[in-house]
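Colleague: Could you walk me through one part of this model up close? I would love to look at the protein surface by the DNA.

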Number of protein chains: 2
Amino acid sequence: MSQEGRTRRRGKELERAIFEATWAELQEGGFAAVTMERVAKRAGTSKPVLYRRWSSRVELLVNTALHRLPDADSVPDGGTLRDDTVNLLKLMRQRLLSIGREPMLGILTEVVRNPEVNKKVFRHLIGHLRALMTDVVLKRAAERGEIEPEDLNERLKTLPFDLVRSEFILTGAVPDEAIEEIVDTVFLPALAGRKLLRREARGPADAAGASPPERSGGPGAGDAPDLV
Amino acid sequence: MSQEGRTRRRGKELERAIFEATWAELQEGGFAAVTMERVAKRAGTSKPVLYRRWSSRVELLVNTALHRLPDADSVPDGGTLRDDTVNLLKLMRQRLLSIGREPMLGILTEVVRNPEVNKKVFRHLIGHLRALMTDVVLKRAAERGEIEPEDLNERLKTLPFDLVRSEFILTGAVPDEAIEEIVDTVFLPALAGRKLLRREARGPADAAGASPPERSGGPGAGDAPDLV
DNA sequence: AGAGCTTAGATACGAGCCGTTTCTTACGGA
DNA sequence: TCCGTAAGAAACGGCTCGTATCTAAGCTCT
């Protein structure tokens, strides 16, 4: 793995090699087993090269994870709210699995203590996919007449994500059946039931009603790739 | 903090002092800052004493967390499914907060790699409270005639827990408003909506119907205190 | 009360890691 | 071709984990 006899890599090429080495170490030994020295050796370079790019081990790990995230800027139109939601959740799954359970937990743990990064992660954990939900999936559904704005509040909008995240954190996987069950036996029934209950009660809806546009700008409005 | 001039502690007394020291270190510096040496010093003892009780740092941390968990073997009867569920979720919150967000994440991270402990934690993360849900809250609700068995499937039963856990992991807190929102705008509507949708469809219910008794024994059937 | 066994507590060790410093040398742009 | 930038090697101080060794305190049993 030494650099002997090979031409020196630089810039992005070297960086990519380091990300790959980090990821390989992560897979083999887990979050705790990733050490700067091992990564450097595996990438055929040395520690100072790593520290010139990232100020700490955590920094390297976070950026390695972000680097692996596939893009997610649209949701295929499935024709119904049901299928759009399923598609969106499959997209979320793809992103979650591209990082993996243990790295995700490790990153969350290390990041909690840093309010700034924590806020950023928090925003990204929720913001991006939620924007797709609001600006694409629910918009389509409203245009189709499947839902009315008052049927939804903030918690209902993030409900499918919360459940997929829970599944992922507990089991490390999100099978198709789980996604469909979440949509078919929780999300859609909750929407229907809420409509029903609101009609029965005839009371003013809770704070959900005419919710202000909370996150304009749509997906991609952030200043860094999303963590999920 | 040295032991000079004090009478030596032994057994449970010493153990309690170590747990307290560990917890204090956890509060002050976070998961990563808890070292065996600092804990030993703070507890007025030394490393070998720690290693005689726990085989590793993680072992100590996990057991410190478990040690802090308040008991939870019943749910006050609120008279309705709604209030019982709120009560149960408040109990869950109490348990979550007794450990805290970062320690919880840290423990999960470290434990994921150990299939045995992972399974145990997984079971405890879900099992105990879920048993209270099934054996107390839902039983009462059925006796009151509020629900029928076919209204529920596994996912719906754990739904409130999943959402509270999500809230806790993302924000580190679970305010009363969150609990009530979860129950009033998700859980109860989902039950109502499911009933409604099943009636409309007239199809056979999904696998929810006559679910077998999956966890007999009720709360306390485990072999260790629950993690949540 | 005394003997003996258990276990607390002090100290030191090897191995490994983090993050830094110093230095040499390859490479690429002008 | 020359020179600045950055790669790569080596070593360091400080810290941590987990272990080994030893002394002595105090509980238990007679």
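Which base atom of DNA strand C is 3.2 Å from an N or O atom in the side chain of Arg8(B)?

Modeller: Happy to! This is a predicted model, where local features need pLDDT of at least 70 and side-chain atom pairs count only at pLDDT 80 or more, while totals for chains, interfaces and linings use all residues. Residues are numbered from 1 along each chain as written, chains are lettered from A and ligands numbered from 1 in written order, and side-chain values use heavy atoms, without hydrogens and water.

The atom you ask about is a base nitrogen, 3.2 Å from the Arg8(B) side chain; a polar contact is a pair of N or O atoms within 3.5 Å. In chain A, a polar side-chain atom of Arg8(A) lies 3.1 Å from a base oxygen of the strand. Arg52(B) also has a side-chain N or O atom 2.8 Å from a base oxygen. The elements giving two or more residues to this surface are H3 (47-53) of chain A, plus H1 (11-29) and H3 (47-53) of chain B, with helices being DSSP runs (H or I, at least four residues) numbered from the N terminus. H3(B) gives the most, four residues.

Altogether, 24 residues surround DNA strand C, and among the closest are Met36(A), Lys47(A) and Thr45(B); near means a heavy atom within 4 Å. They divide into seven nonpolar, eight polar and nine charged, where Asp, Glu, Lys and Arg count as charged, Ala, Val, Leu, Ile, Met, Phe, Trp, Tyr, Cys and Pro as nonpolar, and the others as polar. Of the strand's atoms within 4 Å of the protein, 54% belong to sugar or phosphate and the rest to bases.

Definitions and conventions. A polar contact is a pair of N or O atoms within 3.5 Å; within protein, one must be able to donate a hydrogen and the other to accept it, and residues adjacent in sequence count only if both atoms are side-chain atoms.
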